[in-house]
Amino acid sequence: MNIIKFLKENINFSNFWIRNGFNLLILSLVVNHLTDPKNFPLNDSYSFPWLSILISILIGSMIIVIGNFNFRYYKGKYFVQKINTQILLRFLFSTLGYISIAYILFYLVVVKLVNENYDVYGFLIGISISLLLSTIAIAILFSKDIYKLHKLASIYGKLKVQQGSKITLINYTEIAFIYSENKIVYIAKTDGTTIITDFTLNEVENEVSEQSFYRANRQTILHIHSIEQVQSIENGKLSVILKSTIAGKKTFQINISRYKKQEFMNWFKGKL
């Protein structure tokens with residue numbers, strides 16, 4: 001108990017490197033003592049598995065460093081814009097790719113140092129287990145931070161609007177909905193004003209967060225906060241009534257086709 005109290009008082013476990021370095025050390029000690037019977041402390045022929053523990057720490061450190069490096073890169077370039085399944089998979093597989101390259105180099109160096117022959121089967125088993133554990137580690141290490149970024153991107157994101165030579169940044173919270181009329185795309189703001197843009201609606205859809213916006217039809221992209229009422233109408237369609245935002249218009253109503261009805265309801269219910 002005194003050791004735990006000392007660690008809590010003198011080590012900053014909120015620091016990413018200290019926290020995960022400590023967890024890696026404990027995990028390496030436990031796993032390497034349990035995976036081989038001769039390493040079990042109660043075994044008569046017990047010997048401290050210092051080499052396997054050292055290798056585990058080196059591989060674990062490599063995974064953490066590569067994962068953190070790639071996360072920082074994606075955080076600065078991709079996660080600030082939107083976070084969806086495609087981007088998350090790109091982050092995961094690119095990280096696993098870097099880890100695979102590092103593992104191959106690490107394996108070649110270790111084999112050379114200990115003067116052993118190359119074992120293809122052992123190598124394949126080792127890299128397979130390492131990639132599986134890396135996937136779990138990446139999920140544990142970064143899921144909380146990615147979720148926080150996801151919330152920030154959804155709520156505090158900005159849309160960059162270019163009008164000729166002028167660029168305007170509009171907060172997501174200022175946008176009621178975006179619509180196309182006579183091949184011109186307008187942004188309807190929550191204060192009742194509208195902005196003419198040089199976008200196409202497809203371009204806007206690719207820019208905004210999928211968590212806050214939904215492409216209702218070929219003319220309209222909705223912000224979740226702009227929806228006032230949803231009701232079923234004829235032919236399996238939905239009628240969506242938006243809050244009054246445009247001066248001179250009391251209501252703004254659009255229809256969701258029966259083909260997009262379930263997709264829209266899944267998106268809408270996920271925000272309630």
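**Figure 1. S94 and its partners in a predicted model.** Here's a close-up of S94 in this predicted model, and the residues to look for around S94 are N70 and Y74. Skip the neighbours within four places in sequence, and those two are what S94 is in contact with. With N70 there's something extra to spot: the side chains of S94 and N70 are joined by a polar contact of 2.8 Å. S94 itself sits in helix α4. Is S94 buried or exposed? Its relative accessible area is 18%, and the cut-off for buried is under 20%, so S94 counts as buried.

**Figure 2. The largest pocket and its lining.** Now look at the space between the helices named below. The largest pocket holds about 1000 Å³ of space. Its lining is made of 30 residues, and the ones nearest the centre are I55, S56, I59, G60 and L133. Which helices each supply at least two residues of this lining? They are α2 (16–34), α3 (50–77), α4 (85–114) and α5 (120–156). As for the kinds of residue, the lining has 20 nonpolar, 10 polar and no charged ones.

**Figure 3. The largest nonpolar core.** In soluble globular proteins, nonpolar side chains tend to be buried together. In this model, the largest nonpolar core has 28 residues, and F79, F91 and F142 are the ones that touch the most other members. Helices α2, α3, α4 and α5 each give two or more residues to this core. Top contributor is α4, with 9 residues. There's also a second core, separate from this one, with 20 residues; among them are Y214, L222, I224 and L238.

**Figure 4. S257 in its loop.** This view moves to the loop between β10 (252–256) and α7 (261–269), which is where you'll find S257. How does S257 count in terms of accessibility? Its relative accessibility is 27%, and partly exposed covers the range between the 20% and 50% cut-offs, so S257 counts as partly exposed. Try finding A216 as well: S257 and A216 are 41 residues apart in sequence, with 8.6 Å from C-alpha to C-alpha in space.

**Figure 5. Stepping back to the whole protein.** To place the close-ups, zoom out and trace the chain, which has 7 helices and 10 strands. Of the protein's 272 residues, 36% count as buried. How about contacts between residues at least 6 apart in sequence? Of these, 49% join residues at least 24 apart.

Methods: Residues are numbered from 1 along each chain as its sequence is written. This is a predicted model: local features need pLDDT of at least 70, side-chain atom pairs count only at pLDDT 80 or more; totals for chains, interfaces and linings use all residues. Side-chain values use heavy atoms; hydrogens and water are left out. On a 1 Å grid over the protein atoms alone, a cavity is a set of points where a 1.4 Å probe fits but cannot get out, and a pocket is an open set with protein on both sides within 12 Å along at least five of seven lines; lining residues have an atom within 4 Å of a point. Grid points are joined across faces, edges and corners, and a volume is the space filled by probe spheres set on the points. Helices (H or I, at least four residues) and strands (E, at least two) are DSSP runs, numbered from the N terminus. Ala, Val, Leu, Ile, Met, Phe, Trp, Tyr, Cys and Pro count as nonpolar, Asp, Glu, Lys and Arg as charged, and the others, Gly among them, as polar. Buried means under 20% relative accessible area, exposed over 50%, partly exposed in between (1.4 Å probe, protein chains only). A polar contact is a pair of N or O atoms within 3.5 Å; within protein, one must be able to donate a hydrogen and the other to accept it, and residues adjacent in sequence count only if both atoms are side-chain atoms. Contact means heavy atoms within 4.5 Å. A nonpolar core is a set of buried Ala, Val, Leu, Ile, Met, Phe, Trp, Tyr and Cys residues joined through side-chain atoms within 4.5 Å.
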